[in-house]
Every structure is written in structure tokens, then in C-alpha cells.
Amino acid sequence: MKTLFFLRHYNDIDHITPVIYKWAITGHQCDVVLLGSAKFRRDYRIQFLKQLSGVRVAHIREILGWRRFLMWRLQAYMLTGNVRRIPVLRSLAERASERYDQTRREQLWQETTEILLTRCFGNAEDGVIAFDWVEKNSVISVEWIKVLINMAHARKIHVVSLPHGDSPHINQLIHRGERKVGPDAVFSNADIFDRLVVPNELCAKRFRPFLDEEKIAVLGSPRFCEEWLHKLYEILPSSPIERSDNTLKIVMFLRKANFSTFWEEVAEVVHLIAELPGTEIIIKPHTRGGWKQSLTKDKLIKRLSNVRIADDNAHSAHLMQWADVIIDLATSVIFEAVRAKKPVLAADYLIAGRSTVAHYMPEAELRCRDDVYEKINHFLIHGCDDFYVAAHHRQFLQEMLDVPDGRVLEHYVSLLEDPSGKQKQLNELSGGNADDSEFF
């Protein structure tokens, strides 16, 4: 069976590459089509995928050609919510969408889709297409995706939605301007897919108001499962970060600017730690929109001799290797550090939210500035071993990452091989061994 994987941006590459890797080494073929910036062709994970037998990687521009690609891209921008939030661009987009109504747009959607489907599947009436979680605010046109799904179904091709992240918050109201608890319409597009896959129950509950229960598959985290982390460190490029053994090395991961963060106190924490002798700090802005975060422009922080702002050459995995301690403002990337039992300090008092790490492991929570001082000072004096309560750590792995067990990537492959779940039903009816599909 063949699969067509669409990847949009850094998070998609980060979380879906493990699935593509396992799909390929299991003996299947696939095409990987990059929909976002062409710069991602140089990403080390994309370069790794290109070397795998049975995997073809291309940017959509290379497949459609320049003229058709520009038309496809402009038509998508015309509909995206990100563009329409800017008054001047909204006016232009509205006029363009009136001139190019849905009937005219559909002609281009069908033309581009036919090229993609024929290139990957030929005349075959079988296969799977995989997108990430296409949320309502996606820059990729949902109108185009709906056309693609209809054309795929006509060929008996299934379309599934795979995770592009996790849930670092245990609560719901985490963005500026959010004031009502309840189903979040940003996840309402989930129902357009045949199956939607999530790593854990915390993510599943976002989508349940918008689709039938049998469409949801809870299969664990491909990005943070043990099998992929072993492979990731084999393919990771050499780290650009020099490591010294005479300091306590601390990394602070920042969230996007649209999350509610108390930036003034974040800066106070950086200064507090920097003044403790023997500390070294790297601040990692978010991979998308990090330039909007006030901390990255703070001149006083930039003058501190033991504080650095990480650039794009330092991947999160490099920072995990370098760090002794991680300060978390509720980012799922730090789940990698939790897996490795490196201390993660969940700075919940710096954000308007409750982090998943603090929920599962209360020993990790920072509730005030005193906590920051005392915990960092403890690490300086006593080291960083035996930080987590073993039962808490084990429960986090079982309920957030290894769901329902440690064979995470095997379960993803099984779902792609049987996206409709029909084989599972046949196994149950025949009394055969359904163990491998009981989680779907």
C-alpha cells in the first residue's frame, strides 16, 4: 500500500517524520509533499527521509510547476483566516474571493489535486493520504482539502489526520482573548477526515465534540516514543552548542506570543538565575513567530554574559542534550526531557494556565519566584539526579506518551494499513488475533 504524506511546517515534520520512517522500514512506499516554505527541504529530518528506500520527497512547487503553484498559493491565501485578520489584506481577499467564486476556485483545486493523486497513486484505487491536524485557522485552504478528500474517496483512497503536536496544558483557556470554556471551534475541521489520530486522551477531548467516537484513534506520541528518540539522535547533525562541565546549564523554551504569558516576570526569572554563580542559560524562542516575543528583544537580557538567545541552527534536540535543567512555559517539546528524566521546572506561575507536566508531576511546579531560587540553588549544590517521583513519572509516560503501550510506531503503521478498521472487525468476527488492532 502507498501513502501520500503532506507536511506544512516545522511541527508537522517533527511529529510525522517518525511515522513516515516506520512506514518505510516496514516495507511500504510513500510520497512526501512539502506544502510550506521550500527551506524545509534542507531540514535534517527531510534529508533523512529522502535516503529511505521507497520514499520520494518533493516540494509542491516542483510538482505543480511555478505558474500553477503560484495560482494555488494565492487562492489559498485568499481564503485563509490569517490574511483576513489584517484589515488591508482582508479587503483585498474579499474582493478577490468575490471575483473568483467557489465554482472558479474549484477548477484549480481539482486540477492541482489530479496532478498530485496521479503522481502518487497512478490509476490505483487504493492507498492513504495523511495530513496533520488541519485546524480552522490553518494557512492551508480547507476548501482545497475538502476537494482533495472527495477526489480521493472517488478512487477509494482514505484520508487520515496525524498529530502535529501534543497538549502541554491541562486547561483550555490559554490564549489571549479566550474567556469561555467549551468546545473550541478551531478543532471543528476534524470531521472531514476518515480517521483522526491523537497521542493521548488529553488531546482526544478537544476533538470529541466535532466527530464520531469511532473516527478517533488514541495511539501514543510518535515524536516522543522511545523507538524514535533512539533514531533521532542517530540522525541529528552535530550540535552547534559548546558544552562546558563547570556550569549548571539551563534552557528556557518560550511559547508563541498569542499565548498568555507574564513576560515581565519571565525576565525577572532570567535575571535571578543569571545572578546565581555557576549558571548558564539559553533561551529558545518559538520556532514560528519567536521574533514577536518581547523577551527576545530585551536589551538588558542580551547584555548578560551567561545568557544566550538560541538561533534556528540549534534544534530542540541539541538543547535537550546540552541542558541539565529545562524551564518550561508549557511547551510539548519538553516531553523529550521528561522521557530522559532530566528535570523540567514547570513555570506555571508565569503563564495563565496549568501545565500538563505540573499536573502529573507536582514536584516539577514553580509557583513563585522563591521556588525558582530554591530549586536552582538545590541543583547547584546537590546535582540533578532523582528529581521525579517515580510513580508520577511512570504515570506521565503511560498516559501521555506510551498509549496504550510502548509499540507506538507499530500502531501508527497498523492504522495506515487498515484506516477503515475493517480488518479489525473481520478479526473479531473470525475469532482471530485482534491484539494489533484493538486500539483503533
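Of the 440 residues in the chain, 57% are buried, meaning under 20% relative accessible area, with exposed over 50% and partly exposed in between (1.4 Å probe, protein chains only). This is a predicted model, where local features need pLDDT of at least 70, side-chain atom pairs count only at pLDDT 80 or more, and totals for chains, interfaces and linings use all residues. Residues are numbered from 1 along each chain as its sequence is written, and side-chain values use heavy atoms, with hydrogens and water left out.

**Whole chain**

Colour by secondary structure. The chain has 19 helices and twelve strands; these are DSSP runs, numbered from the N terminus (helices H or I, at least four residues; strands E, at least two). Residues 24 or more positions apart make up 74% of the contacts with a separation of 6 or more. A contact means heavy atoms within 4.5 Å.

**Stop 1: Arg 8 and Asp 132**

Select this pair. Their side chains form a salt bridge, 2.5 Å from N to O. The term covers a side-chain nitrogen of Lys or Arg within 4 Å of a carboxyl oxygen of Asp or Glu. Arg 8 sits in the loop between β1 (2-7) and α1 (10-25) and Asp 132 in strand β4 (residues 128-132), so the bridge ties together parts 124 residues apart in sequence. Both Arg 8 and Asp 132 are buried. The whole structure holds 30 salt bridges.

**Stop 2: helix α10**

Show residues 226-235, helix α10. Its buried residues are Trp 228, Leu 229, Lys 231, Leu 232 and Ile 235. Seen down the axis, they fall within an arc of 165°, so they line one face of the helix. The arc is that of the directions from the helix axis to the C-beta atoms. Turn to the face away from the buried side: it carries the exposed residues His 230 and Glu 234. Now add the packing partners of the buried residues: α1, α2 (44-50), α13 (316-322), α14 (335-339) and α18 (408-417).

Stay on α10 and pick Lys 231 and Glu 234. They form a salt bridge, with the closest N and O atoms 2.9 Å apart. The two are three residues apart, about one helical turn. Lys 231 counts as buried at 18% relative accessibility. Glu 234 is exposed at 59%.

**Stop 3: aromatic pairs**

The structure holds 17 aromatic pairs. Rings of Phe, Tyr and Trp (its six-membered ring) pair if their centres lie within 6.5 Å; planes under 30 degrees apart count as stacked, over 60 as edge-to-face and the rest as tilted.

Select Tyr 21 and Trp 228. Their ring centres are 5.6 Å apart and the planes meet at 50°, so this pair is tilted. It links helix α1 to helix α10, across 207 residues. Both Tyr 21 and Trp 228 are buried.

Move to Trp 66 and Phe 69. Here the centres are 6.4 Å apart and the planes at 80°, so the pair is edge-to-face. Both lie in helix α4 (residues 66-79), three residues apart. Trp 66 is exposed at 54%, whereas Phe 69 is buried at 7%. Expand the selection to the aromatic cluster: Phe 6, Trp 66, Phe 69, Trp 72, Phe 131, Trp 144 and Phe 193.

**Stop 4: Arg 45**

Select Arg 45. Its charged end sits over the ring of Tyr 10, 4.5 Å from the centre. That requires NZ of Lys or CZ of Arg within 6 Å of the ring centre and within 35 degrees of the ring normal. Arg 45 also belongs to a salt-bridge network with Asp 14, Asp 43, Arg 223 and Glu 336.
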